[in-house]
Amino acid sequence: MILLARSISALCVLGGVAAAEPTVTVAPAKVHPGDPVLVTVTGTTDAPRGKAGGAKLQFFPAKAGFQAVFAVPLDVNEDHILVEFTAGPQPLSIPIVVETFPETNVTVEEEYADPPKEDRVTIDADNAAIGASYARATGAPQFAHGFHRPPGAVTSTFGEWRTFNDGHRAQHLGLDFAAREGSPVAAIDDGVVALVRDTFLAGTVVVIAHGGGISSLYFHFSKASVVEGDKVTQGKRIGLAGHTGRTTGPHVHLSIHVPGGMVDPASFIKLPIYPTVKLAAHTSGHRLPSASTSSAMNTASDRPH
Ligand SMILES: [Zn+2]
């Protein structure tokens, strides 16, 4: 276990280190609202069970022990988040550092700035479908290597507050990348296509379930190249960039959902996630949605853009 512990020595060790006791590490050691947190437990042969900030941790076997990812909710009110285990390791308290997100003004067509009532019904149905798709990410990781960031310059960051046409405000729950209309967009890692849907605000959406509770979401496609249930590998084309939905021009919007909510994709991609289990391409299939949609789009009715 010493070697395993050394391999993650860059992380902050918060747990006990007594012999025969499981060791818990978290990365990063200090977190902001909207950050993903990676929990690694070593020194145990059984998958740990626990929760963080109310979200159930979905542990999977990893290069070193077991790992799980969760979100620090963007609307968290506490100055810390607690990671608790059903048995074994002691609870950990991770300090939360307040972050002020940038503010911008965005001008879009009026129907998108303040959608009329009938469109809000569509928006609610879109969000319910996206939220339900997260249940497909439950279970063993479908990926064996790190996530790849899409190419292109970042044109808008996670968490930014936008005021539309001097009125309605919404928070940006993803990362935007510059892309030409019609350029191919690739899956950032292996997984199963959990949802393909034409939505009002996010345009044509593709959601990929990666397992371990991790989903990646791609918005505003001009066209999707996959259908629900398709198995995709990292780098495979899943659609063409576009500007469908509420946009000011063609780009690729990437969101990452993990247990607890949406997280900053820029931070997520840096996490040292090393699952050791990769399912065969055609196992009996991912699980059907059964879990609640409690964290669907963080319950906001109008955030995608
Ligand atoms: Zn965006």
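## Overall composition

A residue is called buried when its relative accessible area is under 20%. In this predicted model, buried residues account for 51% of the 305 residues in the chain. The secondary structure comprises four helices and 23 strands. The exposed surface of the chain is about 13600 Å², of which carbon and sulfur atoms supply 54%.

Contacts across the sequence were also counted. Of those between residues at least 6 apart in sequence, 68% join residues at least 24 apart.

## Strand β22 and its partners

Eight of the eight residues of β22 are buried, so this strand is largely enclosed by the rest of the structure. Its side chains point in two directions: His 251, His 253, Ser 255 and His 257 face one way, while Val 252, Leu 254, Ile 256 and Val 258 face the other. Both sets are buried, and the first of these sets consists of three His residues and one Ser.

Strand β22 pairs with β14, β18 and β23. Its antiparallel pairing with β14 rests on four bridges, and Leu 175 is found opposite Leu 254 of β22. Five bridges connect β22 with β18, again in the antiparallel sense; here Leu 217 is opposite Ser 255 of β22. With strand β23 (residues 261–263), β22 forms three bridges in an antiparallel arrangement, and His 257 has Met 262 of β23 as its bridge partner. The hairpin of β22 and β23 has two residues between the strands, and Gly 260 adopts a positive phi near 110 degrees in this hairpin.

## Nonpolar cores

In soluble globular proteins, nonpolar side chains tend to be buried together. The largest nonpolar core in this model contains 30 residues. The members that touch the most other members are Val 206, Ile 214, Tyr 218, Ile 238, Phe 268 and Ile 273. Two or more residues of this core come from each of β7 (66–71), β14 (175–178), β17 (204–211), β18 (214–221) and β22 (251–258). Strand β22 provides the largest share, four residues.

The surroundings of Ile 238 can be listed in detail. Leaving aside residues up to four places away in sequence, Ile 238 touches Val 185, Ala 186, Ala 187, Val 206, Ile 208, Tyr 218, Phe 221, Ala 224, Ser 225, Val 226 and Val 232. Apart from the largest core lies another core, of 19 residues. Val 26, Phe 66, Val 72 and Val 83 are among the residues of this other core.

## A four-strand open sheet

Four strands, in the order β5-β4-β8-β9, make up an open sheet with antiparallel pairing. Strands β5 (55–56) and β9 (92–95) are at the edges and have a single partner strand each, so one side of each is left without a neighbour in the sheet.

At the β5 end of this order, strand β4 (residues 50–52) pairs with β5 in the antiparallel sense over two bridges. In this pairing, Ala 52 is opposite Ala 55 of β5.

## Salt bridges

The model contains five salt bridges, counted where a side-chain nitrogen of Lys or Arg is within 4 Å of a carboxyl oxygen of Asp or Glu. One of them joins Asp 114 and Arg 120, with an N to O distance of 3.9 Å. Arg 120 is partly exposed, its relative accessible area being 24%.

Another salt bridge, between Asp 126 and Arg 197, has an N to O distance of 2.9 Å. Asp 126 belongs to helix α3 (residues 117–133) and Arg 197 to strand β16 (residues 191–198), so this pair ties together parts that are 71 residues apart in sequence. Asp 126 is buried, with a relative accessible area of 4%, whereas Arg 197 is partly exposed at 27%. Glu 160 and Arg 162 also form a salt bridge, at 2.9 Å from N to O. Glu 160 counts as buried at 10% relative accessibility, and Arg 162 counts as buried at 7%. Salt bridges with shared partners join Glu 160, Arg 162 and Asp 176 into one network.

Note on methods:
Residues are numbered from 1 along each chain as its sequence is written. This is a predicted model: local features need pLDDT of at least 70, side-chain atom pairs count only at pLDDT 80 or more; totals for chains, interfaces and linings use all residues. Side-chain values use heavy atoms; hydrogens and water are left out. Buried means under 20% relative accessible area, exposed over 50%, partly exposed in between (1.4 Å probe, protein chains only). Two strands pair if DSSP finds at least two bridges between them. A nonpolar core is a set of buried Ala, Val, Leu, Ile, Met, Phe, Trp, Tyr and Cys residues joined through side-chain atoms within 4.5 Å. Contact means heavy atoms within 4.5 Å. Accessible areas come from the Shrake-Rupley method with a 1.4 Å probe; for residues, only the protein chains shown count as cover.
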